[in-house]
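Grab a pencil and let's work through a few short exercises together. Each one has a task and then a solution in steps.

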Amino acid sequence: MLKKFLVPALLGVVGASLAAFAVPAAAQGAWPDKPVRLIVPYPPGGTSDNLGRLVAERLGAKLGATVIVDNKPGGTTQIGTELAARAAPDGYTVLLGAVTAFTVLPHLRSKLPYDPKRSFEPLGGIAEYLSVVAVRKDLGAASLPELVALAKARPGKLTYGSAGQASFGHIAGEILKRETGIDMLHVPFKGSADAATALAGGQVDVLIDGAAVPLAKAGRVVPLAAFGAVRHPELPAVPSLSETGIPVKRPEGPGWGLFTPKGTPAAINERISKALQALLQESETQARLQRISAMPDWRTPAQLERAIQADWKFYAELLPAIGIRPEE
């Protein structure tokens, strides 16, 4: 008789216990059940910020979630990148990573607050940067050869702005100096938008940045060349750098990629990666990327990781050659 009453009672206790554990799991829901934060390590207004907002909008639509852009500029992307590295690996923090944070900064700073090779999970390459060489309107140069001639006549007098120390614009400027034998003074800013504003205001003479494109189209600055092998689609009459005959060594990887903190569940990473690939194939996304001086450049997580490794070696050789040394 005792067994007859104990067994149902024990089963009832076990069932109640299992139900108690099931309630929190049900309450948590499936990912994503709250907004996802996309950290953009640049200030508002520049190309990277515009890219981040585009990705947030389209990625949110693909995932059925709200993706919020969180601008964390400073430290040549180090501040935002570190913040993402320290975030909980739960799928609710994603980094719009400048690939230079993984390929350039390690050669400039002996102690980074994150490990470029171990702190993140790569989700995929996003886009390549389309930049132009532009000058202030009253500089007196209407072509790249004219700029080179002017700089040679005034060694060390011309200035060029960039989005910050070791940014794309800084490195491109140093490459241009090396390839042409000119001397210009580098003036770093907090981001592309600030550098472009300074160019339009005549505070610097030269800028190599996609943020100069809207100013060029508005007639506020003079575009001299697209800094790459092809012309900028928004400035089809402006020659490419290769058309000017100036050789340029370029890295293999894309300009930006998407990353999550190390330890983020593989299923979440895969879902974000597939959504990212899908949105980059949309004609609307591609057109909008073009308008912000970017070109779709999808790389799988494995391809992005290999490109980062190759570019790490590229910059290890390039940076000392163009005079960019590690910070003390």
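**Exercise 1.** Where does S293 lie?

*Solution.* First, a bit of background: this is a predicted model, where local features need pLDDT of at least 70, side-chain atom pairs count only at pLDDT 80 or more, and totals for chains, interfaces and linings use all residues. Residues are numbered from 1 along each chain as its sequence is written, and side-chain values use heavy atoms, leaving out hydrogens and water.

Step 1: look between α11 (283-291) and β11 (294-299); the loop there holds S293. Helices (H or I, at least four residues) and strands (E, at least two) are DSSP runs, numbered from the N terminus.

Step 2: check the backbone. S293 isn't a glycine, yet its phi is positive, about 65°.

**Exercise 2.** Sort S293 and T76 into buried, partly exposed or exposed.

*Solution.* Step 1: get the cut-offs. Buried is under 20% relative accessible area, exposed is over 50%, and partly exposed is in between (1.4 Å probe, protein chains only).

Step 2: S293 has 1% relative accessibility, so it counts as buried.

Step 3: T76 has 22%, so it counts as partly exposed. You'll find T76 in the loop between β2 (67-71) and α3 (78-86), and T76 also has a positive phi, about 55°, without being a glycine.

**Exercise 3.** Which two residues does a cis peptide bond join?

*Solution.* Step 1: the pair is W31 and P32, with omega about -5°.

Step 2: place P32, which sits in the loop between α1 (2-28) and β1 (36-40).
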